[in-house]
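Reader: Can you walk me through this one? I'll ask as I go.

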Amino acid sequence: MARARFVALALITSFLSVAAGQLRPLPAAGLPGDIFNLGIASRLRTDRNTTAKASTDFGRMVRAAPEAVFHPRTPADIAELIRFSASSPAPFPVAPRGQGHSWRGQSLAPGGVVVDMRSMGRGHRAARINVSAAAGAEPYVDAGGEQLWVDVLSAALRHGLAPRVWTDYLRLTVGGTLSNAGIGGQAFRHGPQIANAHELDVITGTGEMVTCSRDKNSDLFFAALGGLGQFGVITRARIRLEPAPKRVRWVRLAYSDIAMFTKDQEFLISNQASEAGFNYVEGQVQLNRSFIEGPKSTPFFSTTDLSRLAGLASRTDSAAIYYIEGAMYYNEDATISVDQKMEALLDQLNFEPGFVFTKDATYVQFLDRVREEESALRSAGVWEVPHPWLNLFIPRSRILDFDAGVFKGLLRDANPAGIILMYPMNKDRWDDRMTAMTPTADEDVFYAVSLLWSALSADDVEQLERANKSVLDLCAKTGMECKQYLPHHTSQEGWQQHFGAKWGKVAELKAKYDPQTILSRGHKIFPSRAAADGVATA
């Protein structure tokens with residue numbers, strides 16, 4: 001009986017060590033033991049359930065367990081953790097994780113600590129989003145790096161305001177998209193999200209908490225924006241706002257001719273069309289075979305719509321149908337005006353006659369449109385599957401070559417699950433002082449091409465990975481500069497080629513702001529300091 005009581009007590013004690021409160025974290029073999037003597041130790045979780053959840057990301061292409069997951073309450077907590085690692089004899093990796101929407105393990109920290117950014121402000125998130133709308137001053141919002149863009153939108157709309165640029169999916173964190181660039185259909189006018197940030201709070205790889213802007217600590221400001229988390233953790237961003245519209249006239253225009261499609265897209269993002277044109281311009285490519293084997297309706301297209309589009313593809317013998325997706329913002333008192341503007345604009349375009357598909361939506365419905373698609377995919381059990389994505393920036397001068405080689409060549413008979421985005425942006429809306437990369441070609445326009453695949457089986461993963469490699473090989477073989485967005489490279493040589501002339505500055509800033517290379521090692525840009533020194537890591 002006594003032995004039974006002892007075993008029961010041991011089991012209860014073990015359970016309490018991994019319960020929600022976790023007053024006493026379990027030891028983590030890969031971390032220095034004295035980490036649990038820190039004042040923040042109670043917010044470290046080492047139980048298997050917690051670390052397992054932080055062992056993969058949205059891409060589900062990589063799995064690597066951290067030793068612990070950290071749930072900070074404040075930015076100061078994160079700074080303390082990073083300082084401890086940086087000063088340790090064996091610095092361990094630290095990776096901030098918002099929604100885990102990376103796709104190649106970039107937000108993972110094998111052998112280290114994943115920082116659950118969403119823990120900050122939990123229970124009183126509104127305190128981490130503050131809108132300034134003083135009369136006579138440019139409005140802005142200060143948002144915590146852990147905040148979701150959909151929550152920033154809600155807060156700004158209460159003042160009749162909104163940020164100017166949006167990613168297609170709103171349930172991403174502010175710090176996450178700013179660490180990459182943050183692109184979407186408004187970027188042709190206003191640049192990416194990083195071009196609309198005025199000020200940041202960043203915790204560097206030494207644990208220093210720094211406020212920076214274009215005029216203050218500017219090297220860190222420009223480094224962190226598009227910096228892939230290599231120079232610091234963004235814990236606050238000041239974002240420019242503009243008056244928010246109430247409604248959106250949303251259209252898709254079908255093309256069977258790639259030359260007409262790209263010509264019209266480039267017209268729509270030009271200064272010539274900007275005043276009376278779309279507020280949002282994107283585009284999609286639908287491969288011919290998907291009309292036969294793909295879904296029979298979508299949140300945008302009805303069964304009848306897709307049947308007509310399939311007929312267009314068959315009649316024109318096109319390898320794909322291309323869609324310009326455009327949107328005009330307006331308020332209820334300007335309905336007649338927006339109708340007239342839309343008619344005048346469409347008269348200047350060369351889409352297939354009769355293939356105009358129109359929706360009217362509230363501003364919020366339009367911005368949050370991917371949420372409906374997410375719900376449908378979750379219901380079908382195909383949201384939480386591997387996503388072997390490939391996102392590229394292509395110079396305008398090579399986009400027709402890319403189409404011929406990829407959509408009319410490599411993928412002509414393919415029908416992968418997922419969507420293909422293809423739309424142009426104006427290069428002068430990007431600030432080259434920031435770390436984010438665009439094609440180096442001396443051209444004023446480049447295209448974003450995103451192959452957003454979903455792998456529904458293990459065979460699909462291998463097949464799509466081969467397809468992605470074939471695309472990259474084609475680019476290399478033909479001398480086509482295909483700059484990766486949300487980049488993934490497997491060697492430092494690959495990263496040096498990615499950054500090109502910026503590499504020296506990137507390496508210099510890394511040495512300054514994260515000398516122990518503990519931050520966001522999942523990108524594999526810089527080896528750990530121990531590995532660089534030829535010493536086995538702990």
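Reader: Which helix gives the largest share of the lining of the second largest pocket?

Author: α16 does, with seven residues. Helices (DSSP H or I, at least four residues) and strands (E, at least two) are DSSP runs numbered from the N terminus. A pocket is an open set of points on a 1 Å grid over the protein atoms alone, where a 1.4 Å probe fits, with protein on both sides within 12 Å along at least five of seven lines; lining residues have an atom within 4 Å of a point.

Reader: What should I know about the model?

Author: It is a predicted model: local features need pLDDT of at least 70 and side-chain atom pairs pLDDT 80 or more, while totals for chains, interfaces and linings use all residues. Residues are numbered from 1 along each chain as its sequence is written, and side-chain values use heavy atoms, without hydrogens and water.

Reader: Back to the pocket. How much space lies in the second largest one?

Author: About 730 Å³. That volume is the space filled by probe spheres set on the grid points, which are joined across faces, edges and corners.

Reader: Which lining residues are closest to its centre?

Author: Leu472, Gln484, His488, His489 and Gln497, out of 25 that line it. α16 (458-477), β18 (483-484) and α17 (492-499) each supply at least two lining residues.

Reader: How does the lining divide into nonpolar, polar and charged?

Author: Eight nonpolar, ten polar and seven charged. Ala, Val, Leu, Ile, Met, Phe, Trp, Tyr, Cys and Pro count as nonpolar, Asp, Glu, Lys and Arg as charged, and the others, Gly among them, as polar.

Reader: How many disulfides does the count come to?

Author: One, where a disulfide is a pair of cysteine sulfur atoms within 2.5 Å. Cysteine 475 is joined to cysteine 482, S to S 2.0 Å.

Reader: Left-handed or right-handed?

Author: Left-handed, because the torsion about the S-S bond is about -75°.

Reader: Is cysteine 475 buried or exposed? And cysteine 482, buried or exposed?

Author: Cysteine 475 is buried at 3% relative accessibility. Cysteine 482 is buried too, at 16%. Buried means under 20% relative accessible area, exposed over 50%, partly exposed in between (1.4 Å probe, protein chains only).

Reader: New topic. Where is histidine 523?

Author: In the loop between α18 and α19. Histidine 523 is buried, at 10% relative accessibility.

Reader: What is histidine 523 in contact with, leaving aside neighbours within four places in sequence?

Author: Gln106, Leu228, Gln230, Pro487, His489 and Trp495. Contact means heavy atoms within 4.5 Å. His489 is also among the residues closest to the centre of the second largest pocket.

Reader: And lysine 524, buried or exposed?

Author: Lysine 524 is exposed, with a relative accessible area of 52%. It lies in the loop between α18 (503-513) and α19 (529-532). Its phi is positive, about 60°, although it is not a glycine.

Reader: Why flag that?

Author: Most residues other than glycine have a negative phi. Arginine 60 also has a positive phi, about 50°. Arginine 60 sits in the loop between α2 (48-53) and β2 (68-70) and is partly exposed at 35%.

Reader: Last one. Which residues of α15 are buried?

Author: In α15 (residues 399-410), Ile399, Phe402, Asp403, Val406 and Phe407 are buried. They cover an arc of only 100° around the axis, so they are on the same side of α15. The arc is that of the directions from the helix axis to the C-beta atoms.
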